[in-house]
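Open the structure in your viewer and get ready to select residues by number. We will go stop by stop.

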Amino acid sequence: MSADLTTVRVTTSPAVRTGKRRRRQVVPPTVLLSFAVLVVVLLWSLAPGVFTGQSAVTGDTAAKLQAPSAAHWFGTDYLGRDLYARVVHGTASSVTSALVAVAIGLVVGGLIGLASGFLRGWVDVLLGRVVDVLLAIPGFLLAVVIVSSLGFHTINAAVATGISAIAAFARLARAETLKARGATFVEASTLAGGSGAHALFRHVLPNAYRSVLALAVLNIGTSILVIASLAFLGYGDAPPASDWGLLVASGKTYPTAPWLVYAPAVVIVLTVLSVNRISRWLRKAGRS
Amino acid sequence: MTVLEERITTDTLLTVRGLTVAYGGTEVVHGVDFTVGRGRTVAVIGESGSGKSTIAKAVLGLLPAGSTVSGSADFAGDDLVTLPDQRFRTLRGRRIGFIPQDPATALNPVRTIGSQALEAAALTDAPTTEARRAAVLAVFERVGLTDPERVWRSYPHELSGGMLQRVLIGLTVLPEPDLVVADEPTSALDVTIQKRILDLLQQLRAERGISLLFITHDLAVAAERADDLVVLRDGVVEEQGPAAEVFRAPQSEYARLLRADVPALSPDRYRSGDVDRTDAGPDHPAHISVSGVARHYGQGDRTVRAVDGVSFDVRAGTTHALVGESGSGKTTTVRMLLGLERPDAGVIAVDGAEVHGRSKAELRRVRRQLQLVYQNPFTSLDPTWQVRRIVGEPLDRFRIGTRASRAAAVREALESVGLDERYMRRRPTDLSGGQRQRVAIARALVLRPEVVVLDEPTSALDVTVQAGIIGLLTRLQRELGLTYLFVSHDLALVRQVADTVTVLRHGRVVESGAVEQVFHDPQHEYTRTLLDAVPAAS
């Protein structure tokens, strides 16, 4: 009997054996393509000069409103400026402002959600009502109101977009926090002598952040779209800035040169679709 | 043996030959053969992942899309494997009945039992709704539902698990099927209810000449109830034959192992027998003392007395078991002992120090001596943490020793539960259920506590895994002189491991004393019922 006890038998049940549970790391081709698009966009914003030798602000008025060609990939605008160069140079401001917007939504919304989900009680009630108010106003309208009061700049448009995204982040972060907080391992941590802060930052946060992060990625796409819309309406920087939304807006006055609208619009659509595809892939990977 | 019995035993109803099932590319059942005789009970036993439920689904024609089946399953002339769905529909329910595992999820919660019963009764030959209703009420009465009219009007949430399972059994036997497939029909139920449900199934089988294909993980239940056993492991039949024979002299290594690991079948496995640790004399003080503890929920008329005046003592170095069915208050008692809940009345003391009514810092100090192993190792370990960090968490939190000494303590704790260096950097998702529970035990032991509370530590695990964990716990107790408070509903297991026992029911102590005494000479009716419910091989 004693010999039987000292040799410890480690039995594995097949249903939970390691191989089956481990995620299969096959990246679908569309996701790879999306990453490629985003890498190009990122490089455009970091080093626009590398991708185009032509100026985005001065053009040859003799060569105005030319259709896309080998010399001018996206054609030229009414001042003869190369549209491709303008798109590339406008990337930095469009992408940065989207990132600023998402950062605001993620940080502020995430903290609100984490606090109300973890502390509950009156904190939850109070923050919950604030979020309700934010949710009650249509997001785009809220952004317009905020940017009107802050002044017409791209950065203000980004801040406004970020504020209008807070509510969604807060709700999701709260739900995820509640779920993680109720887990047995959080109680086990208390029994192991852990404090509330320890449970929050070491157990709850690592288990709750995944889907919030997926929402953040998804939100980059939405933010690009919202900021472009605001720029289109004239709430962003004024020309000769070349934000993507602004390019679409100024292009629409020349119906004879449709590429002025289509080229920047296609860039916007491709970027947003790529971000969405990656977000969906992240969320799926997180679930399995 | 009479002529009639002879005919029954030789007449086969279901013949399964070379049944192979694959999900996607993974084959889970590899060429299984067995037969079910008319009027016989055949138990398919196996642990999780053995393919037993897949076999049940194959027989019922309920395999999910994307699974591939080969082999044959001859059911009174029809091959169930190749039978088109159109033809299968006339068999299912009418001639092959099914009793599911969890009765609570098998019925639609927003419709009354009666309206759902009428759907099932449509399979009978009864011509009118009235006749169907009468048939349903009659069968409800037969399965032991005392007030069939009330059951008819009820919604599923208004009935207990045992009553729901009776409803489902009644509806299954209503169209007089030849074969009933029961997939773990009692594993979601309490032990005393389990016994009654199994008795009922046996009666109905005898009465109506039904054959029963009984899927279970519980060898003791199978041994008690079945005529024939099919022992399954990893989709392969390890052994089959008449239950009594497989039981008395198992041929395969695996069946022998299973028999040794089932607590009900080898009650004295962990008894050392040499020392009686309970009789330590009056000068030996109690290590844990719980006296008159009560906890109520709600107010006024709706007060639920979860725990109502529970007292017991545990001596150092012994194992005390808290036994009871769901709702008996055993978990609440344990949570109060650990300071996770506050009692409304009574005192709990560990080593002479009261757990409640003290400051947070003092509670923390008590908890150092008092660790818990949870029931479900799949939820009690943070999936984002590595094993070494999980085990080291108590040390880090109580700031014990240096970084190096903590790492050494973690390694030692893991070693003592039989996990080597390789497991240090794994995450819980990469471990099996048994390995996870070992990690949880290592976490509880790393502080070198005096008392470890074990809250049904093996009920989520397979029986062979359970045997490994129980063996480990007994060894650790011997080596480290631990005091265990062992919470369980499994009396056979309690008998194996505990020195003293307290039987709880509805929050009150029913009986208390040394295990030998309580098990051999139970004083209370309820204890006797519980003991009767422990399956015993006939």
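**Stop 1: a hairpin in chain B**

Select strand 1 and strand 2 of chain B: together they make a hairpin, with 2 residues between them. Click on B:Gly24 in the turn, where phi is positive, about 60°. Keep in mind throughout that this is a predicted model.

Now colour the two strands. Strand 1 covers residues 12–23 of chain B and strand 2 covers residues 26–37. They pair in the antiparallel sense, over 8 bridges. Which residue in strand 2 of chain B is the bridge partner of B:Val16? Select B:Phe34 to see that partner.

Add strand 4 of chain B, residues 67–75. Strand 4 runs antiparallel to strand 1 of chain B, and 8 bridges join them. For one of these pairs, pick B:Arg17 and its bridge partner in strand 4, B:Ser72.

**Stop 2: an open sheet**

Next, show the 6 strands of chain B that form an open sheet. Follow them in the order 16-17-18-13-19-20. The pairing in this sheet is mixed. Why is one side of strand 16 and of strand 20 of chain B left without a neighbour in the sheet? Select 370–373 for strand 16 and 508–514 for strand 20: they stand at the edges, and each has a single partner strand, so one side stays free of a neighbour in the sheet. Look along the sheet as well. On average, neighbouring strands are turned by 15° against each other, direction ignored.

Zoom in on strand 13, residues 319–323, and strand 19, residues 500–505, of chain B. These two pair in the parallel sense over 4 bridges. Label B:Leu322, then B:Thr502 of strand 19, which stands opposite.

Turn on helix 17 of chain B, residues 433–445. Helix 17 packs on the sheet and touches strand 16 and strand 17 (451–455) of chain B. Its direction makes about 175° with that of strand 16.

**Stop 3: helix 18**

Select residues 463–480 of chain B: this is helix 18, with 18 residues. From first C-alpha to last, helix 18 reaches 25 Å, close to the 26 Å expected at 1.5 Å a residue. Colour its buried residues, among them B:Val463, B:Ile469, B:Leu473 and B:Leu476. Then step to B:Gly481, which follows the helix and has a positive phi, near 65°.

**Stop 4: the domains**

Zoom out and colour chain B by domain:

- Domain 1: 1–95 + 218–261.
- Domain 2: 264–296 + 304–369 + 450–538.
- Domain 3: 382–448.

How far apart are the C-alpha centres of domain 1 and domain 3 of chain B? They lie 41 Å apart.

Methods. Residues are numbered from 1 along each chain as its sequence is written. Chains are lettered from A and ligands numbered from 1 in the order in which they are written. This is a predicted model: local features need pLDDT of at least 70, side-chain atom pairs count only at pLDDT 80 or more; totals for chains, interfaces and linings use all residues. Two strands pair if DSSP finds at least two bridges between them. The expected span of a helix is 1.5 Å times one less than its number of residues. A residue is buried if 20 or more other C-beta atoms lie within 10 Å of its own, exposed if 12 or fewer, and partly exposed in between; C-beta atoms are placed from the backbone. Axes are lines fitted to C-alpha atoms, for helices over the stretch in contact, and angles run from 0 to 180 degrees between N-to-C directions. Two residues are in contact if their C-beta atoms, placed from the backbone, lie within 7 Å. Domain bounds come from an automatic or database domain assignment.
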